[in-house]
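I opened this notebook to record what I looked up in the structure, entry by entry. I begin with the whole chain and then turn to single helices and residues.

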Amino acid sequence: MYKILKDLRLYYGYTQQEVADALHVSRSTITGYESGKDIVPLKRLNDLANFYHTTIDYLVGISPTMEEVKEFHEFNRKQVSKNLKDFREKHNRPVRKGFI
């Protein structure tokens, strides 16, 4: 998990201080998380997942790659759009411009 946190930070181009400021913690806290010296509390894990637009599963290594997480979100977005379109067609509701 610790390597993933650092990799994400570098991928997005953030400094440890920028991540720390966003999460309202000290830079040394982020350093501890990224080095494995400190255990990341569940609340902070959730904050990190939200900050990096990913899942806790990905952060802890259950979800194998960030690409798979992105594919999952894209699939869900498409599925929700399809379901909404099907619902509107079934109930004779017009599709508003800008939707689907």
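**Entry 1. Whole chain.** I looked first at burial: of the 100 residues of the protein chain, 28% count as buried. The model is a predicted one. I then checked the surface and found that the chain exposes about 7,100 Å², of which carbon and sulfur atoms supply 56%. For the secondary structure I recorded six helices and zero strands, in the order α-α-α-α-α-α along the sequence. Among contacts with a separation of 6 or more, I noted that 44% join residues 24 or more positions apart.

**Entry 2. Helix α2.** Which residues of α2 are buried? In this helix, residues 16-23, I listed Gln16, Val19, Ala20 and Leu23. I next viewed the helix down its axis: the buried residues of α2 fall within an arc of 100°, so they line one face of the helix. I set beside this the general rule that an α-helix has 3.6 residues a turn, so residues three or four places apart point the same way. I then asked what covers the buried residues of α2. The cover includes α1 (2-12), α3 (27-35) and α4 (42-51).

**Entry 3. Glu18.** I chose Glu18 as a further residue of α2. Is Glu18 buried, partly exposed or exposed? I read a relative accessibility of 40% for Glu18, and therefore entered it as partly exposed, since that class lies between the 20% and 50% cut-offs. I looked up the polar surroundings of its side chain: one of its polar atoms lies 2.8 Å from the backbone nitrogen of Thr15. I also took the separation of Glu18 from Ile30, which is twelve residues away along the chain; their C-alpha atoms are 9.9 Å apart.

**Entry 4. Helix α3.** I turned to α3 and found Ile30, Gly32, Tyr33 and Glu34 buried. Against which helices do the buried residues of α3 pack? I recorded α1, α2 and α4. Just after α3, I noted that Gly36 takes a positive phi of about 85°.

**Entry 5. Glu34.** I examined Glu34, which is found in α3, for its acidic side chain's surroundings. Its relative accessibility is 11%, and Glu34 therefore counts as buried, the limit for that class being under 20%. Which residues does Glu34 touch, leaving aside those up to four places away in sequence? I listed Tyr2, Leu5, Lys6, Arg9 and Gln16. One of these, Gln16, is itself among the buried residues of α2.

**Entry 6. Cavity.** I searched the whole structure for cavities of 30 Å³ or more and found one. The largest cavity holds about 30 Å³ of space. Which residues line the largest cavity? I wrote down Leu5, Val19, Ile30, Tyr33, Glu34, Leu48 and Tyr52. I asked which helix gives the largest share of this lining. That helix is α3, with three residues. Of the lining residues, I had already met Val19 as a buried residue of α2, and Ile30, Tyr33 and Glu34 as buried residues of α3.

**Entry 7. Positive phi.** I went through the backbone angles with a general expectation in mind: most residues other than glycine have a negative phi. I noted His24, a residue other than glycine, with a positive phi near 60°. His24 comes just after α2, in the loop between α2 and α3. I read its relative accessible area as 72%, and His24 is therefore exposed. I noted His53 as well, which is not a glycine and has a positive phi of about 55°. Where is His53 placed? I located His53 in the loop between α4 and α5 (56-59). At 63% relative accessibility, I entered His53 as exposed.

**Entry 8. Glu68.** I closed with Glu68, which lies in helix α6, residues 66-90. Its relative accessible area is 39%, and Glu68 is therefore partly exposed. How far apart in space are Glu68 and Tyr58? I recorded 9.3 Å from C-alpha to C-alpha, for residues ten apart in sequence.

Conventions: Residues numbered from 1 in each chain as written. Predicted model: local features only at pLDDT ≥ 70, side-chain atom pairs only at ≥ 80, totals over all residues. Heavy atoms only, no water. Helix = DSSP H or I, 4+ residues; strand = E, 2+ residues; numbered from the N terminus. Buried < 20%, exposed > 50% of the residue type's maximum accessible area, 1.4 Å probe, protein only. Contact = heavy atoms within 4.5 Å. Areas by Shrake-Rupley, 256 points an atom, 1.4 Å probe, with all protein chains shown as cover. Arc of directions from axis to C-beta. Polar contact = N/O pair within 3.5 Å; in protein donor to acceptor, adjacent residues only side chain to side chain. 1 Å grid on protein atoms, 1.4 Å probe; cavity = no way out; pocket = protein on both sides within 12 Å on 5 of 7 lines; lining within 4 Å. Points joined across faces, edges and corners; volume = space filled by probe spheres on them.
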